[in-house]
Amino acid sequence: MSKIKIAISSCLLGNKVRFDGGHKQSKYCLNVLSDWFEYTPVCPEMGIGLPTPRPPIHLVRVGDDIRVKKVDDHSLDVTDELRDYAHKTMPRIQDACGYIVIRNSPSCGMERVKVYHENGNPAGESYRGVYIDEIMKLHPNLPVEEEGRLQDPKLRENFITRVFAYNEWKESVVNEPSMKKLIEFHSRYKYLVMAHSYQAYKELGRLVANTEQREITELLQEYEDTLMRILKKIASSKSHTNVLYHILGYLKRDLTSAAKQELVKVIEQYRKGLVTLVVPVTLINHYLTQFGSDYIKQQAYLDPHPLELGLRNYL
Ligand code: SF4
């Protein structure tokens, strides 16, 4: 499999593009995720022609608007340049299936970037960096996450699940759009979607049934919008347990009573928080090497991302 294209704040790759002439190298991005991800580094502040080192900029509340201005001299306003640069960057990151940004940046920060008053005092509110804000408006389905938040195992697993799902969606459906491809994708992703939202699982099922005979382009867009919105929701251990029991249903007929009891025991241990999700999923995958239909064996839920990343190893 070729590496998945990911856009990234350039300073996270160790490039010395920050206002202070330094970088914010991320070992996790560089040493771990790089086995699966191919990065496109973007530094919007350098992109609009600011030098490095450079005077720092910050977010400023001006009436109803949030502007990006030089900290010591509010007459320098680079908001429009940064938003324009997002438009210019779009063709370069068109193939990206995710974007990793850095926190607290008035250009790149995805959330909780401090906003100041015109007089320089904190405004007691936060916003997101204006460049990434524009990118997220232009490309609302693109998974975006802050590198700092990737330290949280739930957020990390959620982001990487979205990236792999989006990559497969683009490769298998968007590149060759057809009803057949949509049905195949949906069949494979049913249980992954169910883990994030039972309601969305039903909703997507109705969409794919397409009883209203809607046009394929419109249908695919709605499917993608719903899928990517739903996958953002963190799957709870309750919903994972529900999915595990559904999958167990496909094995019941073939498993010995002792094997069934063992599997139920492990699922219950997961439900009670005694073992991590990888434990019941590994046992299920073990049984699926011998039993079960092709339909259940092909479920993305069973291997949504590389095992080597150890993403389902948290309680
Ligand atoms: S603008 Fe973004 S990529 Fe450039 S230094 Fe700041 S945080 Fe890093």
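Start at the ligand and colour its shell by class: you'll get 7 nonpolar, 3 polar and 3 charged residues. Keep in mind as you go that this is a predicted model. Which of the 13 residues around the ligand come nearest? Select Cys 11, Cys 43, Glu 45, Ile 102 and Cys 108, and you have them. If you've got a pocket surface switched on, look for the largest pocket: that's the space the ligand takes up.

Next, jump to Pro 53, in the loop between α2 (44–47) and β3 (57–62). Show the backbone here, since the peptide bond from Thr 52 to Pro 53 is cis, with omega at about -5 degrees.

Now pick Lys 70, which belongs to strand β4 (residues 65–70). What does Lys 70 touch, once neighbours within four places in sequence are set aside? Light up Pro 55, Pro 56, Ile 57, His 58 and Leu 76: those are its contacts. Try a C-alpha to C-alpha distance from Lys 70 to Ile 57; the two sit 13 residues apart in sequence, yet 4.1 Å apart in space.

On to helix α5, residues 153–174. Zoom in on its start, where a side-chain oxygen of Asp 152 comes within 2.8 Å of the backbone nitrogen of Lys 154. Then check the length: 22 residues at 1.5 Å each should span 32 Å, and the end C-alpha atoms are 30 Å apart, so the two values agree.

Last stop: Asn 210, in the loop between α7 (198–209) and α8 (216–231). Check the backbone torsions here, as Asn 210 isn't a glycine but still has a positive phi, about 45 degrees.

Methods. Residues numbered from 1 in each chain as written. Predicted model: local features only at pLDDT ≥ 70, side-chain atom pairs only at ≥ 80, totals over all residues. Heavy atoms only, no water. Near = heavy atom within 4 Å. 1 Å grid on protein atoms, 1.4 Å probe; cavity = no way out; pocket = protein on both sides within 12 Å on 5 of 7 lines; lining within 4 Å. Sits in = over half its atoms within 2 Å of the grid points. Nonpolar A, V, L, I, M, F, W, Y, C, P; charged D, E, K, R; others polar. Helix = DSSP H or I, 4+ residues; strand = E, 2+ residues; numbered from the N terminus. Expected span 1.5 Å × (residues − 1). Polar contact = N/O pair within 3.5 Å; in protein donor to acceptor, adjacent residues only side chain to side chain. Contact = heavy atoms within 4.5 Å.
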